[in-house]
Amino acid sequence: MPTCKLPGKVVQNTHNLLRDLGEPFPTNCQQPNSNIRFPDSALSAASTNHNKCHWTSLVVYKCLQEAGLIFTEYELPEGEGGVMWSRQKLDEYLNLQDRLVDDYQCLNTTQASGVLSPYFHNITAVVNQQDGSACGWEILRSDLLRVLRLALHKHHSCFNWTRVH
């Protein structure tokens, strides 16, 4: 059975674009962030190395897929009180995110949904709120960065680093 490995360089570029979108995490968003926690166990749920790689790919894929849905369904607050993100970098990030989700349908399963659904339900609720919307987007960005960083560093061998994509 062929394996479905995400391209490491594309995932790394996705991480870098997300990191460079704007300023570091705003201090005024610290309080709402305490109510929304990405499940720390999400990347450590599998036990064997093969399962770890498959699980890591599923979690990364599901996070990008769910984030894509949020970006599609909700308007990003801009201007005063909104997020101060580079539109060009955001567009580049969204293009890479969409490409990974579209090109790696082999990872489109419900296996990681149970672990991640409560988190994405909570983050969507905050993004949808008028007062907490900008913080919701920043929390989403911060958590996606953490997932991608952990996956790339702790599970480096789980990605395909040779395929040019």
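The following conversation looks at some helices of a predicted model and at the terms used for them.

Analyst: In this predicted model, local features need pLDDT of at least 70 and side-chain atom pairs count only at pLDDT 80 or more, while totals for chains, interfaces and linings use all residues. Residues are numbered from 1 along each chain as its sequence is written, and side-chain values use heavy atoms, with hydrogens and water left out.

User: What makes the reach of helix 5 close to the expected one?

Analyst: Helices are DSSP runs of H or I with at least four residues, numbered from the N terminus, and the expected span is 1.5 Å times one less than the number of residues. Helix 5, with 16 residues (113-128), reaches 21 Å from its first C-alpha to its last, against an expected 22 Å.

User: Why are the buried residues of helix 5 said to line one face?

Analyst: Buried means under 20% relative accessible area, exposed over 50%, and partly exposed in between, with a 1.4 Å probe and protein chains only. The buried residues of helix 5 include L116, F120, I123 and V127. Seen down the helix axis, the buried residues fall within an arc of 155 degrees, taken from the directions from the axis to the C-beta atoms, so they line one face of helix 5. On the other side, G114, H121 and N128 are exposed.

User: Why is P118 called partly exposed?

Analyst: P118, which is found in helix 5, has a relative accessible area of 44%, and is therefore partly exposed. P118 lies 9.1 Å from F38, C-alpha to C-alpha, although they are 80 residues apart in sequence.

Conventions:
Helices (H or I, at least four residues) and strands (E, at least two) are DSSP runs, numbered from the N terminus.
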